[in-house]
Amino acid sequence: MKMLANRSVAPPMRGGSERRTVGSEEFFTEQREQMVRRQIARRGIKDAAILRAMRAVPREAFVPAAHSHAAYKDTPLPIPASQTISQPYVVALMLNALDLEAEDRALEVGSGSGYAAALLGQIVREVHAVERHKELVAYARTRLDELGYANVHVHHSDGTTGWPPAAPYDAIMVSASGPDVPASLREQLAVGGRLIMPVGGARDLQTLLLVQRLPDAPDGPRYRQKDLGGVRFVPLIGEEGW
């Protein structure tokens, strides 16, 4: 598997019988395993498919080379277009809340670097990801193509209106905060489908909402909504966002 991260040689890390060179493939593999154990599993994420995906997807490949050494820290990191790649635990939390199945078809809105879409692609059958920044569409496609994630498709469009050509979706993950859940995204959920999205102003602590589409009533669609707590995300810009 071809990696995109910086592989420059630096002084070896201290400790351990097998020494790891900062920036080496062994270093990143060790850091990834520590992230899964300490940041993800230890904080209550037990879904085996999510843990496998987070062990498999190289986060260092989705951040700029200058930040690759920090790829497995429990924090967001900058990416092009003045955007960020989300904190690993928050991504895992959102994936866990979606209760994903192997045969699901998923939509990600605000794909950014492509990291969350790559994780989704390791768990479900097919992923469509939408990003409004053309620069980030190229950035994500390059990394996903180089890593061989053929079931993940990145589109340049207004994510607030979803991606109708491939709807309906069993799961929708929105990686930016809007004033409310866009009507278009609700409509693109399959019956029984789940949507997760932060709602609230860009300067405020936002609320992470989980929405499930119920069987339609005679007068139209029905949804169940659950508050999963406070988060902070970049704003969702577009026709049905800010």
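A polar contact is a pair of N or O atoms within 3.5 Å; within protein, one of the two must be able to donate a hydrogen and the other to accept it. In this predicted model, such a contact of 3.3 Å joins the side chains of arginine 186 and glutamine 225.

**Arginine 186**

Arginine 186 belongs to helix H6, which spans residues 183-187. Its relative accessible area is 17%, so arginine 186 is classed as buried, the cut-off being under 20%. Beyond its neighbours within four places in sequence, arginine 186 is in contact with Asp180, Val181, Val211, Arg213, Tyr223 and Gln225. One of these, valine 211, is 25 residues away in sequence, and the C-alpha atoms of arginine 186 and valine 211 are 8.3 Å apart in space.

**Nonpolar cores**

The largest nonpolar core contains 57 residues, and those with the most contacts inside it are Met54, Phe62, Leu95 and Met173. A second, separate core has 17 residues, including Ala166, Val174, Leu209 and Val211. The Val211 of this second core is also a contact of arginine 186.

Residues up to four places away in sequence aside, phenylalanine 62 touches Val57, Ile79, Ile85, Ser113, Gly114, Tyr115, Ala118, Tyr139, Arg143, Leu144, Leu147 and Tyr149. Tyr115 and Ala118 are among the buried residues of H4, together with Ala116, Ala117, Leu119, Leu120, Gly121 and Ile123. Helix H4 is mostly covered, with 8 of its 9 residues buried.

**Buried residues in helix, strand and loop**

The table lists buried residues by place and relative accessible area.

| Residue | Place | Relative accessible area |
|---|---|---|
| Leucine 136 | helix H5 (residues 134-147) | 0% |
| Glutamine 206 | strand E8 (residues 206-217) | 1% |
| Glutamine 188 | loop between H6 and strand E7 (189-199) | 8% |

Glutamine 206 has a side chain that reaches the backbone oxygen of glycine 201 at 3.3 Å. Apart from neighbours within four places in sequence, the residues in contact with glutamine 206 are Ser177, Pro198, Val199, Gly200, Gly201, Gly229, Gly230, Val231, Arg232 and Phe233.

For glutamine 188, a polar atom of the side chain lies 3.0 Å from the backbone nitrogen of tryptophan 163. With neighbours within four places in sequence left aside, the contacts of glutamine 188 are Leu107, Thr161, Gly162, Trp163, Pro164, Ala167, Pro168, Tyr169 and Ile172.

Leucine 136, again without its neighbours within four places in sequence, is in contact with Ile79, Pro80, Ala81, Gln83, Gly112 and Glu131. Ile79 is also among the residues that phenylalanine 62 touches. Leucine 136 and valine 234 are 98 residues apart along the chain, and 15 Å separates their C-alpha atoms.

**The largest pocket**

The largest pocket has a volume of about 520 Å³. It is lined by 35 residues, of which Thr84, Gly110, Ser175, Ala176 and Val234 are the closest to its centre. By class, the lining comprises 18 nonpolar, 13 polar and 4 charged residues.

At least two lining residues come from each of strand E2 (83-85), helix H3 (88-97), strand E3 (105-109), helix H4 (115-123) and strand E4 (126-131). Helix H4 thus appears both in the lining of the largest pocket and, through Tyr115 and Ala118, among the residues touched by phenylalanine 62.

Note on methods
Residues are numbered from 1 along each chain as its sequence is written. This is a predicted model: local features need pLDDT of at least 70, side-chain atom pairs count only at pLDDT 80 or more; totals for chains, interfaces and linings use all residues. Side-chain values use heavy atoms; hydrogens and water are left out. A nonpolar core is a set of buried Ala, Val, Leu, Ile, Met, Phe, Trp, Tyr and Cys residues joined through side-chain atoms within 4.5 Å. Buried means under 20% relative accessible area, exposed over 50%, partly exposed in between (1.4 Å probe, protein chains only). Contact means heavy atoms within 4.5 Å. On a 1 Å grid over the protein atoms alone, a cavity is a set of points where a 1.4 Å probe fits but cannot get out, and a pocket is an open set with protein on both sides within 12 Å along at least five of seven lines; lining residues have an atom within 4 Å of a point. Grid points are joined across faces, edges and corners, and a volume is the space filled by probe spheres set on the points. Helices (H or I, at least four residues) and strands (E, at least two) are DSSP runs, numbered from the N terminus. Ala, Val, Leu, Ile, Met, Phe, Trp, Tyr, Cys and Pro count as nonpolar, Asp, Glu, Lys and Arg as charged, and the others, Gly among them, as polar.
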